[in-house]
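Good morning, and thank you for the time. I would like to walk through one protein chain, starting from a single contact and moving outward to the whole fold.

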Amino acid sequence: MAADSSARRQPTFTKVDQLRPGTHGHNLVVKVVHSKMVLQRGRAEGGPQGRQQMRIAECLVGDETGIIVFTARNDQVDIMKPGTIIELRNAKIDMFKGSMRLAVDKWGIVKAAESPAEFTVKEDNNLSLIEFELVTVVE
């Protein structure tokens, strides 16, 4: 058996400018620059049983290398307040109309960072403004 299997492997964190289309499993520490609710529907109580309230917010998050749009869902929306340092675990890149969006599904974690990081967000490098085109390569 491996030496002390209870010791968890420390996550390796990547920077925003290293994100690429179609990739997943990213761990990032980012600052929330802006947050905007784009969808809110359903009722919390009194509705049909099992029907949850659905909330989606588009948040601009970034670090010292660049910014990207993060799609926050439901409980994640409450955490995404401008100026907050957020830790994203197991994040993935979704493509939306040819541009990259960062998202964390049920297998990932979105939480306020434990160790306060101080950095200035590089707002002039927005990865969500880069348009990608799917090119079919014929061999």
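Let us begin with the side chain of Lys-81, where a polar atom lies 2.5 Å from the backbone oxygen of Asp-78. Please keep in mind that this is a predicted model. Where does Lys-81 sit in the chain? Lys-81 belongs to the loop between helix H1, residues 75–79, and strand E4, residues 85–96. Its relative accessibility is 47%, so Lys-81 counts as partly exposed. The C-alpha atom of Lys-81 is also 8.8 Å from that of Cys-59, although 22 residues separate the two along the chain.

With that loop located, let us turn to the overall plan. The chain has one helix and six strands. Reading from the N terminus, the order of elements is β-β-β-α-β-β-β. Of the 139 residues in the chain, 35% are buried. The chain exposes about 9400 Å², and carbon and sulfur atoms supply 50% of that area. If we take the contacts with a separation of 6 or more, 61% of them are between residues 24 or more positions apart.

Cys-59 leads us to the strands. In the pairing with strand E3, Cys-59 stands opposite Phe-70. How many bridges join E2 to E3? There are eight, and the two strands run antiparallel. E2 and E3 form a hairpin, with two residues between them. Strand E2 also pairs with strand E1, residues 24–41, through nine bridges, and this pair is antiparallel as well. One of the partnerships here is between Met-37 and Ala-57, the latter in E2. How covered is strand E2, which spans residues 54–63? Eight of its 10 residues are buried, and the strand is described as mostly covered. As a general point, side chains in a regular strand alternate between the two faces of the sheet.

I now come to the charged side chains. The model contains eight salt bridges. One of them joins Lys-111 and Glu-87, with 3.9 Å from N to O. Lys-111 lies in strand E6 and Glu-87 in strand E4, so this pair ties together parts that are 24 residues apart in sequence. Are these two partners buried or exposed? Lys-111 has a relative accessible area of 25% and is therefore partly exposed, whereas Glu-87, at 8%, counts as buried.

Lys-111 has a further salt-bridge partner in Glu-114, at 2.8 Å from N to O. Glu-114 is exposed, because its relative accessible area is 63%.

Another salt bridge is formed by Asp-124 and Lys-122, whose closest N and O atoms are 4.0 Å apart. Asp-124 is exposed at 67% relative accessible area, and Lys-122 is partly exposed at 36%. Returning to the earlier group, salt bridges with shared partners join Glu-87, Arg-89, Lys-111 and Glu-114 into one network.

Finally, let us look at the nonpolar surface. Which residues make the nonpolar patch of about 240 Å²? They are Met-95, Ile-130 and Phe-132. Ile-130 is located in the segment after strand E6, residues 109–112. Its relative accessible area is 38%, so Ile-130 is partly exposed.

To close, I would ask you to retain two points. Strand E2 is joined to E1 by nine bridges and to E3 by eight. Lys-111 meets both Glu-87 and Glu-114 in salt bridges. Thank you for your attention.

Definitions and conventions: Residues are numbered from 1 along each chain as its sequence is written. This is a predicted model: local features need pLDDT of at least 70, side-chain atom pairs count only at pLDDT 80 or more; totals for chains, interfaces and linings use all residues. Side-chain values use heavy atoms; hydrogens and water are left out. Patches are made of residues with over 30% relative accessible area and no salt bridge: like charges are joined within 9 Å, nonpolar side chains (Val, Leu, Ile, Met, Phe, Trp, Tyr) within 5 Å. Accessible areas come from the Shrake-Rupley method with a 1.4 Å probe; for residues, only the protein chains shown count as cover. Helices (H or I, at least four residues) and strands (E, at least two) are DSSP runs, numbered from the N terminus. Buried means under 20% relative accessible area, exposed over 50%, partly exposed in between (1.4 Å probe, protein chains only). Contact means heavy atoms within 4.5 Å. A polar contact is a pair of N or O atoms within 3.5 Å; within protein, one must be able to donate a hydrogen and the other to accept it, and residues adjacent in sequence count only if both atoms are side-chain atoms. Two strands pair if DSSP finds at least two bridges between them.
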